Amino acid sequence: MSEEMANDSPTGIHDLSFATTEFVLPHTALSRHNGTDIAKYHKGIGQRSMSVPAADEDIVTMAAAAAAPVIERHGSDGIRTVVFATESSIDQAKSAGIYVHSLLGLPSATRVVELKQACYGATAALQFALGLVHRDPAQRVLVVAGDVSKYELDSPGEATQGAAAVAMLVGADPALVRIEEPSGVFTADVMDFWRPNYREAALVDGQESIGAYLLAVEGSWKDYAEQGGRALDEFAAFCYHQPFTKMAYKAHRHLLNYCGHGVDEERVARDLGLTTAYNNVIGNSYTASVYLALAALLDQADDLDGRAVGFLSYGSGSVAEFFAGSVVPGYREHLRTEAHRAAIDRRVPIDYARYRRLHEYSFPADGGDHRTPSETTGPFRLAALRDHKRIYETR
Ligand code: HMG
C-alpha cells in the first residue's frame with residue numbers, strides 16, 4: 001500500500017490510558033494451590049500473574065480511573081459521545097458508561113451507550129467512533145473498554161483470568177495512531193465461550209475456542225486482503241487479542257502459514273515480542289486486551305514513527321476484525337508509560353486464600369441495602385448497593 005493511501009485517514013487514537021485492579025495474584029500462588037507445574041503457566045500459556053478486583057472495584061471504577069487522566073489532559077470539549085464496550089455488564093438496561101460520565105463530570109450534551117460482542121466490543125466501539133469523527137472532525141469520542149474476566153475456580157480457564165480497563169480518545173489528527181481503511185471482518189456462529197445472564201463465570205470450551213479464534217484470524221485476514229489491505233511484510237508489529245499471551249503466538253504462526261510465509265520464530269518474536277508485557281501480568285481483560293497490547297508496544301518500542309501496526313481483535317461467539325494503524329511521528333511525547341507501569345506496580349500481591357474469598361464474593365442479590373468493604377486505594381470505588389442502585393464515589 002502506498003504511503004499516500006496509508007495516510008489517507010487522518011482519524012485515530014489520540015490518547016490511550018489504562019487502569020487495572022488493587023490486587024494481583026501471582027501464578028506461583030495458583031500453582032502452589034493446584035499443583036500445576038509453574039512452567040505450564042509461565043511458558044505454556046505465557047501468564048505470570050492476574051489482576052484481581054477488590055470488593056469495591058468493578059468495570060465502572062476501572063474505566064473511570066482509566067479515563068480520568070485523558071480528560072485531565074485534554075478536557076471534555078468536543079466529546080459528544082462516550083462508548084463503553086464490555087461483556088461484564090453491571091445492568092441489563094443502563095449503560096455502565098453513564099456512571100463513568102457522571103464520575104468524570106462530563107457535560108450533559110453527550111450521548112452514552114454500551115456495546116457488547118465478547119472481547120471484540122472495543123473494536124466495534126473504535127470503528128463507530130471513527131465514523132462519527134469522519135462525519136464531524138471537530139468531535140472527539142471517548143471509547144472505554146473494561147472487563148473482569150471470571151472463570152470457575154479450579155477450571156482450566158482460571159489461570160487466564162484478569163481485569164483492566166482502557167480509555168481511548170478518538171479524534172481527527174490523532175497524536176498516537178492513525179487507523180486506516182480497510183478493515184477485514186469475520187463472523188461465525190460458534191459456542192466457544194459464552195456467559196448466560198444467570199452466571200457470573202463464563203462457560204468455555206477451551207480447545208474449541210482456540211480453533212474458533214484461529215479460524216477467525218484466517219477469515220478476517222482473507223477479507224482484509226480482499227478489501228485491498230497492506231501486505232503482511234509491511235507491518236512492524238501485530239497487536240492480537242491476548243486471552244493468554246501464548247494465544248497471540250499461536251494466531252500469528254497460523255497467519256504466517258495461511259499466507260504461505262512459513263514460520264520463522266525470530267520473525268514471530270520480532271512481530272509480537274513487545275506486545276505482551278502488560279497482558280502477561282494482568283491476564284485476560286477481554287475488551288481491553290488488544291489495546292493493552294498496543295499500549296505495551298508503544299511504551300516499549302524504540303521508534304515506530306510512521307510504521308504500520310496490524311490489529312487482530314477477536315470476540316468469542318464469534319466476531320473478528322483485522323485492521324491496520326500507522327503510528328504518528330512524534331507519538332512518544334504523548335505516551336503514558338510511567339503511569340502504565342505504576343498501574344501495574346501499585347497492585348498489592350495477595351495469597352490464594354484471599355483471592356478465593358474475592359472470587360467467591362458476589363454482590364448481594366436480595367435487593368437490600370449493603371455497604372461494600374472499603375478496600376481499593378484507587379480514585380473511584382463502588383461504595384454500596386441501595387434501593388437496587390449501585391452507588392459509586394470518588395475517593
Ligand atoms: P489447558 O487445556 O489446561 O492447557 O488450558 P493445555 O493442556 O492446552 O496446555 C496449555 C499449553 O501449556 C500447551 O501448549 C501445553 O503444551 C503447555 P500448546 O500445546 O498450546 O502450545 N504446557 C506446558 N508447557 C511447559 N511446561 C509444562 C506444560 N504443561 C502444559 N509443564 C486453555 C488451556 C486455553 C484451554 C484454558 O486456559 C482455557 O480454557 N482458557 C479460557 C479460554 C481461552 O482463553 N480461549 C482462547 C481463545 S478464545 C478468546 O480469545 C476469547 C476470550 O477472550 C473470550 C471473549 O472473547 O470474550 C476467551
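Mentor: Helices (H or I, at least four residues) and strands (E, at least two) are DSSP runs, numbered from the N terminus. This is a predicted model, in which local features need pLDDT of at least 70 and side-chain atom pairs count only at pLDDT 80 or more, while totals for chains, interfaces and linings use all residues. Residues are numbered from 1 along each chain as its sequence is written, and side-chain values use heavy atoms, with hydrogens and water left out.

Trainee: How many residues surround the ligand, and which are the closest?

Mentor: The ligand is surrounded by 28 residues, the closest being K40, E87, C119, S209 and K250. A residue belongs to this shell if one of its heavy atoms lies within 4 Å of the ligand.

Trainee: What makes the approach of K40 to the ligand a polar contact?

Mentor: The term requires a pair of N or O atoms within 3.5 Å; within protein, one must be able to donate a hydrogen and the other to accept it, and residues adjacent in sequence count only if both atoms are side-chain atoms. A polar side-chain atom of K40 is 2.7 Å from a ligand oxygen, so the pair qualifies. For E87 the side-chain distance to an oxygen of the ligand is 2.4 Å, and a polar backbone atom of P156 stands 3.1 Å from a ligand oxygen. The ligand taken alone exposes 1,100 Å², of which the protein buries 72% (Shrake-Rupley method with a 1.4 Å probe; for residues, only the protein chains shown count as cover).

Trainee: How do you know which pocket the ligand takes?

Mentor: A molecule sits in a pocket or cavity if more than half of its atoms lie within 2 Å of its grid points. By that test, the ligand takes the space of the second largest pocket. The elements giving two or more residues to the ligand shell are α3 (38-45), α7 (206-226) and β12 (308-315).

Trainee: What makes a space a pocket rather than a cavity?

Mentor: On a 1 Å grid over the protein atoms alone, a cavity is a set of points where a 1.4 Å probe fits but cannot get out, whereas a pocket is an open set with protein on both sides within 12 Å along at least five of seven lines; lining residues have an atom within 4 Å of a point. The second largest pocket has a volume of about 760 Å³. Among its 35 lining residues, P156, G157, T160, G206 and F244 are the closest to its centre. Helix α7 gives the most to this lining, five residues, and also the most to the ligand shell, again five.

Trainee: Where is the largest cavity lined, and by which residues?

Mentor: Its lining consists of L16, L176, A295, L298, D299, L335, R336 and H340. The search of the whole structure finds one cavity of 30 Å³ or more, and the largest holds about 30 Å³. Helix α11 (residues 289-300) supplies three residues, the largest share of that lining.

Trainee: Why do the backbone at P182 and at D154 deserve a remark?

Mentor: Most residues other than glycine have a negative phi, and most peptide bonds are trans. E181 and P182 are joined by a cis peptide bond with omega about -5 degrees, and P182 is in strand β8 (residues 177-187). D154, not a glycine, has a positive phi of about 60 degrees; D154 is in the loop between β6 (140-149) and β7 (162-172).

Methods
Points joined across faces, edges and corners; volume = space filled by probe spheres on them.
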